[in-house]
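Colleague: I would like to learn how to read a model of this kind feature by feature. Could you take me through one, giving the general idea before each case?

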Amino acid sequence: MLTVIQRVSRASVRVDGEVVGAVERGAMLLVAVERGDVEADAVATAKKIASLRFFPGATPMDRTLAEVGGGVLVISQFTLAGTLRKGRRPSFDGAELPERARALYEAVAEALRAEGLTVATGRFAAHMEVELVNDGPVTFLLRSVAGQVQ
């Protein structure tokens, strides 16, 4: 599972002109479910993000989402699983099938809620317009394989 974590001042996602998810201060996650990912990857991803100290406090990277009262906007982003090695079109052979991908994407959101965080989501498989103000900018790339953060 591959996740882009962005610290945000605010973020929102629209589908057909309607806001379907939004957060103020917090994080926006772009989550790609790759072939072979398991529920343990969703849990490991959520636990790492919930415990990650990437907000300023005594130091620039000192406080967690919960400590700053931050929310999380979770968006499915299968294109992160794409490769650009051959030809001129991306290949998405590494992306999980939609049914399994949806379940694991939703498992990330649920695991974050279980960590006590406020979570908003995009709409799986919809064409979405995403707006965000990246705070910092602060952006991280997180990979989980077989339930272990890499």
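**Reading the model, feature by feature**

Modeller: Let us begin close to the end of the chain, where Gly147 lies in the loop between strand S6 (129-145) and strand S7 (148-149). Please keep in mind throughout that this is a predicted model.

Colleague: Is Gly147 buried or exposed, and which residues does Gly147 touch?

Modeller: The label rests on a cut-off, since buried means under 20% relative accessible area. Gly147 has a relative accessible area of 17% and therefore counts as buried. Leaving aside residues up to four places away in sequence, Gly147 touches Ala40, Asp41 and Ala44. Contact is one kind of relation and distance another: Gly147 and Ala32, which are 115 residues apart in sequence, are 15 Å apart in space, C-alpha to C-alpha.

Colleague: What do the backbone angles show in the loop between S6 and S7, where Ala146 lies?

Modeller: Here one looks at the sign of phi together with the residue type. Ala146, in the loop between S6 and S7, has a positive phi of about 55° although it is not a glycine. Asp16, which lies in the loop between S1 and strand S2 (18-23), likewise has a positive phi, near 50°, and is a residue other than glycine. The exposed label requires over 50% relative accessible area, so Ala146 at 61% counts as exposed, and Asp16 at 79% counts as exposed too.

Colleague: Where is there a cis peptide bond, and what is its omega?

Modeller: One reads omega for the bond that joins two residues. A cis peptide bond joins Gly136 and Pro137, with omega about -5°, and the place of Pro137 is in strand S6.

Colleague: How many helices and strands does the protein chain have, and what pattern do they follow?

Modeller: Such a pattern is read along the sequence. The protein chain has two helices and seven strands, and their pattern is β-β-β-α-β-α-β-β-β. Among contacts between residues at least 6 apart in sequence, 74% join residues at least 24 apart.

Colleague: What radius of gyration does the protein chain have, and why does the number of residues matter in reading it?

Modeller: The value is set beside the one expected for a compact globule. With 150 residues such a globule would have a radius of gyration near 15 Å, and because the protein chain has 15 Å, the two agree. The C-alpha atoms fill a box of roughly 45 × 35 × 30 Å along the principal axes, and 43% of the 150 residues count as buried.

Colleague: Which aromatic residues are linked into a cluster by ring pairs?

Modeller: One considers both the distance between ring centres and the angle between planes. A search of the whole structure finds four aromatic pairs; one of them, Phe54 with Phe55, is tilted, at 4.6 Å centre to centre and 45° between the planes. Phe54 counts as buried at 0% relative accessibility, as does Phe55 with a relative accessible area of 0%. Ring pairs link Phe54, Phe55 and Phe140 into a cluster. Phe140 is also among the residues that Thr3 touches, a list including Leu29, Val31 and Ile49; Thr3 is found in strand S1 (residues 2-15) and, at 0% relative accessibility, counts as buried.

Colleague: What lines the largest pocket?

Modeller: A pocket is read through its volume and its lining. About 350 Å³ of space lies in the largest pocket, and the elements giving two or more residues to its lining are strand S3 (26-32), strand S4 (71-76) and helix H2 (98-114). S3 gives the most, with three residues. The lining has 19 residues, of which Ser76, Gln77, Phe78, Thr79 and Ala125 lie nearest the centre, and it divides into 14 nonpolar, four polar and one charged.

Technical notes
Residues numbered from 1 in each chain as written. Predicted model: local features only at pLDDT ≥ 70, side-chain atom pairs only at ≥ 80, totals over all residues. Heavy atoms only, no water. 1 Å grid on protein atoms, 1.4 Å probe; cavity = no way out; pocket = protein on both sides within 12 Å on 5 of 7 lines; lining within 4 Å. Points joined across faces, edges and corners; volume = space filled by probe spheres on them. Helix = DSSP H or I, 4+ residues; strand = E, 2+ residues; numbered from the N terminus. Nonpolar A, V, L, I, M, F, W, Y, C, P; charged D, E, K, R; others polar. Buried < 20%, exposed > 50% of the residue type's maximum accessible area, 1.4 Å probe, protein only. Contact = heavy atoms within 4.5 Å. Phe/Tyr/Trp six-rings, centres within 6.5 Å; stacked < 30°, edge-to-face > 60°. Rg over C-alpha atoms; globule rule 2.2 N^0.38 Å.
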